[in-house]
Every structure is written in structure tokens, then in C-alpha cells.
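This short report concerns a predicted model. It describes a pocket and a pair of helices, and the sequence and structure are shown here.

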Amino acid sequence: MASTMGYGKPGLLPTPTKAGVSLATYCQSAPSQVYPSSTTYTGQHSKAHADSSKKEKIQERAVNEVKNAIKPYYQKNEINKDEYKEIVRKAVEKVCHSKSGEVNSSKVAILVKAYVDKYKHARKK
């Protein structure tokens, strides 16, 4: 006399034990034990959203600083379009992954100058 639970599979019947507690009870979570899900637990979600927003702002600022620093080199034709794109991508990634978490325009300018010199030197070979 087994009951079926969804899809025609036989369900487990509680087995009485000496203590009077069934084994099936151990498989179920207690009502006081609530597991967080992405839809119900908002504390960590809002913190993650704030961190994401902060990272986006830092990345946007890094992109602007790198583009401002690389612009003169591109206008003087010291680098071509492909090199421009690659330098911007690499420099922004490096600035965003720095431990300080801030965008220092003088340091960005030095980084961009180093990348431009590297690409100019590589092109000569």
C-alpha cells in the first residue's frame, strides 16, 4: 500500500522506530531552518549589487582616464587603431584589478606611456 508522489514513483512511508520518530522526518528540514535563496535573502544581494555598482564606476573612470592618456599618442600616429584598442583593454584591466581600488590619473598616464613604448618597440622588430 505505497502511495505515489509525482511521476508514478512510489513514495516512502514513515517507518516507526522505538522512539516513535520516523526516519522520513530526518530527511526533511526543520521549519525553523530556513535556507537563503536569491529571491528571499536580500542582505547579501544588495551588498553584491553595491559592490558591482562600485566596480562599474571604477571601470568607467578607468576607461575615461586611459582614453584621455592615450589620445595624444593616437593623434600623432604613434600607434594604430588595433594597438589603441589593445592598449586600452589591457590598461583598463590592469587599473581595475589594482589593490588600491582607485584611479590615479598620473599613474594611468605612466602605464599608458609604457604600453605605447612597448608596442612601438615591438613594431620595429
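In this predicted model, helix α4 gives the most to the lining of the largest pocket, with 3 residues, and α3 and α4 each supply at least two residues of that lining. The pocket has a volume of about 190 Å³, and the residues that line it are Lys-94, Val-95, Ser-98, Ser-100, Glu-102, Val-103, Asn-104, Lys-107, Val-108 and Leu-111.

The two helices also pack against each other. The axes of α3, which covers residues 81-96, and α4, which covers residues 105-124, come within 10 Å and cross at roughly 140°. The two helices are therefore oblique to each other, and their crossing is right-handed.

On the α3 side, the contact is formed by Glu-83, Glu-86, Ile-87, Lys-90, Ala-91, Lys-94 and Val-95, which meet Val-108, Leu-111, Tyr-115, Val-116, Tyr-119 and Arg-123 of α4. Lys-94 and Val-95 of α3 and Val-108 and Leu-111 of α4 belong to this contact and also appear in the lining of the largest pocket.

The table gives the residue classes for the contact and for the lining.

| Residue set | Nonpolar | Polar | Charged |
|---|---|---|---|
| Contact of α3 with α4 | 8 residues | no residues | 5 residues |
| Lining of the largest pocket | 4 residues | 3 residues | 3 residues |

How values were computed. Residues numbered from 1 in each chain as written. Predicted model: local features only at pLDDT ≥ 70, side-chain atom pairs only at ≥ 80, totals over all residues. Heavy atoms only, no water. Axes fitted to C-alpha atoms, helices over the stretch in contact; angles between N-to-C directions. Helix = DSSP H or I, 4+ residues; strand = E, 2+ residues; numbered from the N terminus. Parallel < 35°, antiparallel > 145°, perpendicular 65-115°, else oblique. Left-handed = near helix turned anticlockwise from the far one by under 90°. Contact = heavy atoms within 4.5 Å. Nonpolar A, V, L, I, M, F, W, Y, C, P; charged D, E, K, R; others polar. 1 Å grid on protein atoms, 1.4 Å probe; cavity = no way out; pocket = protein on both sides within 12 Å on 5 of 7 lines; lining within 4 Å. Points joined across faces, edges and corners; volume = space filled by probe spheres on them.
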